[in-house]
Amino acid sequence: MSAHPELQERGFALLPQVLDAAACDSLRDLLGDAEGAGSRGVLRLAEVMSLARTLLTDLVRPYLPGVPVPVRGIYFDKRPGTNWLVAWHQDLTLALKERSEVPGWGPWSVKDGVPHVQPPVECLEQMLTVRLHLDDADADNGALRVLAGTHRLGRLNAESIAQCRETHAEVLCAAKAGDALLMRPLLLHASARSTSERRRRVLHIEFAGFSLPPPLEWQLQESGH
């Protein structure tokens, strides 16, 4: 699959109709209702891991320096009763098996019992996220918004994020069910509350194109998939 020119320049690219209607129906049935805003650890589901290893790996391979490894999966389900907004931010942490002190890696945190760490920026630059839309997403039901080009600015503090909101174009990533949004983790992104009764379900899978320094290990190991 050829590389998408928008991704390098803007930090994101929308690929239409990666999944057909039947595949979207199957994933919606499999994932059901998310736990609150989102369910973590969905790569533990055999069907999700199989999709990540095949179709999605082929999508991201042109953009990563090494063989893509699916390392984290989250299912977001914005719907009446679990509506939320997300402020402008970057995705800065990795889900690992256990905490080990490695120079340049940190700080550490714990989310749902899983250790997370902030890696060096050069590692984040070798990652790519696929957001599979299981419903149509637009301004009314909280589609993702991004600040184009901010993935090239490194790790940003609150002041820098505020400045980027003045200097970079905001783009609404409207999508149809079955579309895939490819996104660099360092790209500034946000989403508003839904003002619609329509659900906005997204399967979010992160891929890494690098190996962890020992003794660090991914939370999901190849042998346990």
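Strand β2, residues 38-40, pairs with strand β3 in the antiparallel sense, over 3 bridges. Within that pairing, G38 has F76 of β3 as its bridge partner. Before I go on, note that this is a predicted model.

Staying with β3, there is a second partner. Strand β13, residues 200-208, runs antiparallel to β3, and 9 bridges join the two. One position to look at is K78, which stands opposite R200 in β13.

Is β3 enclosed or open to the outside? The strand covers residues 69-78, and 9 of its 10 residues are buried, so the rest of the structure largely encloses it.

Just beyond that strand is R79, in the loop between β3 and β4. The relative accessible area of R79 is 17%, and the cut-off for buried is under 20%, so R79 counts as buried. Away from its sequence neighbours up to four places off, R79 touches D33, A34, G36 and R199.

Next, the pocket. The largest one has a volume of about 450 Å³. It is lined by 23 residues, and those closest to its centre are I74, F76, H89, D91 and H189. F76 is the residue I named as the bridge partner of G38. Which elements give two or more residues to the lining? They are β2, β3, β4 at 86-89, β12 at 189-191, and β13.

Now the packing. As a general point, nonpolar side chains in soluble globular proteins tend to be buried together. In this model the largest nonpolar core has 31 residues, and the ones with the most contacts inside it are L56, V130, L132, L203, I205 and F207. Two or more residues each come from β1 (12-15), α2 (21-31), α3 (46-60), β8 (127-133), β11 (180-183) and β13. Helix α3 gives the largest share, 7 residues.

Take F207 from that list. Setting aside residues up to four places away in sequence, F207 touches A52, L56, T57, V60, L64, P68, V69, P70, Q126, M127, L128 and V130. Apart from this core lies another, of 18 residues, including V71, L92, L94 and W108.

Two more residues, both polar. The first is T129, found in strand β8. Its relative accessible area is 0%, so T129 is buried. What does T129 contact, beyond its neighbours within four places in sequence? The partners are L181, L182, M183, P185, H204, I205 and E206. Of these, P185 is 56 residues from T129 in sequence, yet the C-alpha to C-alpha distance between P185 and T129 is 6.6 Å.

The second is D135, which sits in the loop between β8 and β9, the latter being 144-147. D135 has a relative accessible area of 11% and is therefore buried. The side chains of D135 and R201 are joined by a polar contact of 2.8 Å. With neighbours within four places left aside, the contacts of D135 are R28, A175, K176, A177, R199, R200 and R201.

That brings us back to β3. R200, in contact with D135, is the residue of β13 that K78 stands opposite. R199 is another contact of D135, and R79 touches R199 as well.

That is the end of my part.

Methods:
Residues numbered from 1 in each chain as written. Predicted model: local features only at pLDDT ≥ 70, side-chain atom pairs only at ≥ 80, totals over all residues. Heavy atoms only, no water. Buried < 20%, exposed > 50% of the residue type's maximum accessible area, 1.4 Å probe, protein only. Helix = DSSP H or I, 4+ residues; strand = E, 2+ residues; numbered from the N terminus. Pairing = 2+ DSSP bridges. Core = buried A, V, L, I, M, F, W, Y, C linked by side-chain atoms within 4.5 Å. Contact = heavy atoms within 4.5 Å. Polar contact = N/O pair within 3.5 Å; in protein donor to acceptor, adjacent residues only side chain to side chain. 1 Å grid on protein atoms, 1.4 Å probe; cavity = no way out; pocket = protein on both sides within 12 Å on 5 of 7 lines; lining within 4 Å. Points joined across faces, edges and corners; volume = space filled by probe spheres on them.
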